[in-house]
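These are my notebook entries on a protein structure. I record below what I looked up, entry by entry.

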Amino acid sequence: MNLLRNILKNPIKSGFCRALISIHNSPLVGKIHASHSCVSRFESTKAKQHAYLCNHEEEEEEEDYDLNNFQGLDFPGGRVTFTTEMKFISEYPEKRIPCYRVLDDDGYPIANSMYEQVNKETAVKIYENMVTLQVLDTIFYEAQRQGRITFYLTSTGEEAINIATAAALTPDDVVLPQYREPGILLWRGFTLQEFANQCFGTKDDHGKGRQMPIHYGSKKLNYVTVSSPIATQLPQAAGVAYSLKMDNKKACVVAFTGDGATSEGDFHAGLNFAAVMEAPVMFICRNNGWAISTPISEQFRSDGVVIKGQAYGIRSIRVDGNDALAVYSAIRAAREMVIREQRPILVEALTYRVGHHSTSDDSTKYRTPQEIDHWRTARSPMGRFRKWVQRNGWWTDREEDELRGRIRKQVLSAIQVADKMEKPSLTELFSDVYHEIPSNLSEQEISLRETIKRHPQEFPVDVPV
């Protein structure tokens, strides 16, 4: 203490003070000029001790100096207090962040739970769309196994996140999906025939057959086309949200991602950009336990994904993704805050990917059938929500059978139509990118057509030349 008091009494002659001056001379804080005047690059960093050094540089008399001047630092982002205790921040919080839940595994509301009230019409529509999504996934998965389409992945086990989120949004909200969110489109009116047209790459496909199956998109429904590279939609979402902010739109952007995407640099860029620019975007992470074959235990050491929001200065919440009421309530509340406060929010939805990652994956190679069956039955989001809806007297077993039978027929019919439909014209392979097709593309088209003439047997007969 005596040493510190001596340093404060005669700061300019002490090595400690020279170190402070060196720090203030750094580009981060500002510069101290030889003319005894202090000019800081950042006005917020003009700390009291800085002013003291400048005003007393030539003074030789000893005087007491208020220790409070060294108890804090006005730094960009806010005042930082000093401490004499050397303490490292723990890598783990003392307690894991809790998970918001409304319904227990048997579909009973948990006592004293706070949630958005849902009327019969909305509840039944949510459940019917969950059933439709499940039937759609089952049949299209089988169609891929039959060789009728080239690729598919399901949302099995994640139906609540899909549909309950869609129900909590408005049609004006712009969605940037990852690839396991077709339920958003389904809720907004994307027809079963449109799903089939995309997966089969027909002439009526909005993407004109240029995308892989399940890479849906709809400008009409504010659903940006799925992109295969992981996490690229996150920085884009921040930009789209900022454009809504500039236009004073009463809407937000919703960007989906999986737990594996949090290891991508675009996750950092997207969240950090959104936080700094205060963009009205909601990031929803479907933490389903697996990034293809990589478990979350090998993906990160943090307390899941929700804690990452705090590091970026983003309000966050962890939700039971298999609880439709909890998802609906949390997304409704988050959307309201995002739009009212014009700032981002991160939602981590804990769920489980019951199906294989895709038709290119066999998940039994890295997880047990018992684990999968447990989540398919005991923790099914559809089973839980159905129990709640039935206890309210809004659903019956007869209605269940009728709905599943009707949807199955509609999906099979859509597949039959798409299977027989003509493919997009060869011309579409070269259009829609340039207003005037450049010479190199024209040469490629001519070369392709000549090749087809020489080898017609190698070219699909259902693609118009």
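Entry 1: a term. Before turning to pockets, I noted that a pocket is an open set of grid points where a 1.4 Å probe fits, with protein on both sides within 12 Å along at least five of seven lines. Its volume is the space filled by probe spheres set on the points. I kept in mind throughout that this is a predicted model.

Entry 2: the second largest pocket. I looked up its volume, which is about 450 Å³. I then asked which residues of the lining lie nearest the centre of this pocket. They are Asn287, Ile296, Leu350, Thr351 and Trp375, out of 22 lining residues. Sorted by class, I found eight nonpolar, seven polar and seven charged residues in the lining. Two strands, β10 (315-320) and β11 (345-350), each supply at least two residues of this lining.

Entry 3: Ser316. I next chose a residue of strand β10, namely Ser316. Is Ser316 buried or exposed, or something in between? Its relative accessibility is 27%, so I entered it as partly exposed, given that the class runs from 20% to 50%. Although Ser316 and Ile345 are 29 residues apart along the chain, their C-alpha atoms are separated by 5.6 Å. Setting aside neighbours within four places in sequence, I listed the contacts of Ser316 as Val306, Gly309, Gln310 and Leu346.

Entry 4: helix α5. I asked how many of the residues of helix α5 (residues 159-168) are buried. The count is ten of ten, and therefore the helix is largely enclosed by the rest of the structure. Alanine appears in the list of buried residues as Ala160, Ala164, Ala166, Ala167 and Ala168. The list also includes Glu159, Asn162 and Thr165, together with Ile161 and Ile163.

Entry 5: cysteines. I looked for disulfides and the count came to zero. I also compared the surroundings of two cysteines. Cys99 has a relative accessible area of 34% and is partly exposed, whereas Cys199, at 5%, counts as buried. The second label follows because buried means under 20%.

Entry 6: the whole chain. To finish, I recorded the totals. The protein chain has 15 helices and eleven strands. Of its 465 residues, 44% are buried. The chain exposes about 24600 Å², of which carbon and sulfur atoms supply 53%. Among contacts with a separation of 6 or more, 70% join residues 24 or more positions apart.

Conventions. Residues numbered from 1 in each chain as written. Predicted model: local features only at pLDDT ≥ 70, side-chain atom pairs only at ≥ 80, totals over all residues. Heavy atoms only, no water. 1 Å grid on protein atoms, 1.4 Å probe; cavity = no way out; pocket = protein on both sides within 12 Å on 5 of 7 lines; lining within 4 Å. Helix = DSSP H or I, 4+ residues; strand = E, 2+ residues; numbered from the N terminus. Nonpolar A, V, L, I, M, F, W, Y, C, P; charged D, E, K, R; others polar. Buried < 20%, exposed > 50% of the residue type's maximum accessible area, 1.4 Å probe, protein only. Contact = heavy atoms within 4.5 Å. Areas by Shrake-Rupley, 256 points an atom, 1.4 Å probe, with all protein chains shown as cover. Disulfide = S-S within 2.5 Å.
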